[in-house]
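Subject: Structure handover

Dear colleague,

I am passing on the structure below, and after it I set out what was found. Please have it open while you read, since the notes move from one part of the chain to another.

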Amino acid sequence: MGSTPGWPAVLADGPVVLRPYKRGDAKVWSEVRIANQQWLAPWESSPPGPWAEMNSTRAYAYVYADMKRAARRGDSMPFAVCLREDDGSERLVGHINLGNIVRRAFSSAYAGYWVDYRVAGRGVIPTALALAVDHAFGPGGLHRIEVNIRPENKPSRRVVEKLGFREEAYHQRYMHIDGSWRDHLGYALTSEEVAAEGGLLARWRRVRA
């Protein structure tokens, strides 16, 4: 998916693997997304239409093309989040994107993520986000990562709070989701805040221990 600072890349810690999406991910992506409708739909800014249609293998072709174009422009780093099984195979269980990347004096991106409810609570997404942020602050050449989350989305808030993101803003009517303009909490982290700890993944390992 293109060539830009820090991209493409494959990142891993234990069984958690982040990699660029492939055209061949269509079937498993669709299966996971459809199985997670109740878990994900209330929190996502999705195009109008039936969930199954918007997350079909046909829809994936458009999603994949959009991700590929954005990565080529250097606007984003979209990662498939996978779990490595005992036999060495990898199962797609989530998504992380570092999007709206702005370089030069700002050097910032917004992080968004989701995870299959069947593996939620196992530390998959905190590990994946820590990997992505460390990569962004290192090879990606970025200085600041922001995450915006609806106040009601407690599982997603727990992810960033476990990792030590600062809550720094309350955005009223920030994004149109699930039929209305929804407030969001703004969290952020800069490279200086984790450099002394050896990175965000190192911080996360200490928290888990």
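Strands E1 and E2 run antiparallel and are joined by three bridges, and among the paired residues Asp-13 stands opposite Val-16 in E2. The two strands form a hairpin with two residues between them, in which Gly-14 takes a positive phi near 60°. Before going further, please keep in mind that this is a predicted model, and that what follows describes that model.

From E2 the pairing continues to E3: strand E2 (residues 16-19) and strand E3 (residues 77-84) are antiparallel and joined by four bridges. Within this pairing, Leu-18 stands opposite Val-81 in E3, while the bridge partner of Arg-19 in E3 is Ala-80. In a regular strand the side chains alternate between the two faces of the sheet. In E2, Val-16 and Leu-18 point one way and Val-17 and Arg-19 the other way, and all of them are buried.

These strands belong to a wider arrangement, an open sheet of eight strands in the order E1-E2-E3-E4-E5-E6-E8-E7, with mixed pairing. Strand E1 (11-13) and strand E7 (166-177) stand at the edges and have a single partner strand each, so one side of each is left without a neighbour in the sheet. On average, and with direction ignored, neighbouring strands of this sheet are turned by 25° against each other.

Turning to the interior, the largest nonpolar core has 44 residues, and those that touch the most other members are Leu-18, Val-81, Tyr-113, Leu-129, Ile-145 and Phe-165. Helix H5 (residues 124-137) gives the most to this core, with 10 residues. Leu-18 and Val-81, both in that group, are also the two residues that stand opposite each other between E2 and E3. If residues up to four places away in sequence are not counted, Leu-129 touches Ile-96, Ala-111, Tyr-113, Val-159, Val-160, Leu-163, Phe-165 and Leu-200. There is also a second, separate core of 14 residues, which includes Tyr-21, Trp-51, Ala-80 and Trp-114.

Two helix contacts may be worth examining in turn. The first is between H5 and helix H8 (residues 200-208), which pack at an angle of about 155° with their axes 8 Å apart; since an angle over 145 degrees counts as roughly antiparallel, H5 is roughly antiparallel to H8. On the H5 side, Pro-126, Thr-127, Leu-129, Ala-130, Leu-131, Val-133 and Asp-134 take part, and they meet Leu-200, Leu-201, Trp-204 and Arg-208 in H8. By class, the residues of this contact divide into eight nonpolar, one polar and two charged.

The second contact is between helix H1 (residues 26-35) and helix H4 (residues 57-73), whose axes lie 9 Å apart at an angle of about 110°, and H1 and H4 are therefore roughly perpendicular to each other. Here Ala-26, Lys-27, Trp-29 and Ser-30 in H1 meet Thr-57, Tyr-60 and Val-63 in H4, and the contact has four nonpolar, two polar and one charged residues.

A few details of the backbone also deserve a careful look. Most residues other than glycine have a negative phi, and most peptide bonds are trans. The peptide bond from Trp-7 to Pro-8, however, is cis, with omega near 0°, and Pro-8 lies in the segment before E1. Asn-100, which is found in strand E4 (residues 90-102), has a positive phi of about 50° although it is not a glycine, and with a relative accessibility of 59% Asn-100 counts as exposed. Arg-173, whose place is in strand E7, likewise is not a glycine and yet has a positive phi, of about 45°; at 56% relative accessibility, Arg-173 counts as exposed.

Also in strand E7 is His-171, which is partly exposed, with a relative accessible area of 24%. Leaving aside neighbours within four places in sequence, His-171 is in contact with Asn-148, Arg-182, Asp-183, His-184, Leu-185 and Gly-186. The C-alpha atoms of His-171 and Ala-35 are separated by 30 Å, and the two residues are 136 residues apart along the chain.

With best regards

Definitions and conventions: Residues are numbered from 1 along each chain as its sequence is written. This is a predicted model: local features need pLDDT of at least 70, side-chain atom pairs count only at pLDDT 80 or more; totals for chains, interfaces and linings use all residues. Side-chain values use heavy atoms; hydrogens and water are left out. Axes are lines fitted to C-alpha atoms, for helices over the stretch in contact, and angles run from 0 to 180 degrees between N-to-C directions. Angles under 35 degrees count as roughly parallel, over 145 as roughly antiparallel, 65 to 115 as roughly perpendicular and the rest as oblique. Contact means heavy atoms within 4.5 Å. Ala, Val, Leu, Ile, Met, Phe, Trp, Tyr, Cys and Pro count as nonpolar, Asp, Glu, Lys and Arg as charged, and the others, Gly among them, as polar. Two strands pair if DSSP finds at least two bridges between them. A nonpolar core is a set of buried Ala, Val, Leu, Ile, Met, Phe, Trp, Tyr and Cys residues joined through side-chain atoms within 4.5 Å. Buried means under 20% relative accessible area, exposed over 50%, partly exposed in between (1.4 Å probe, protein chains only).
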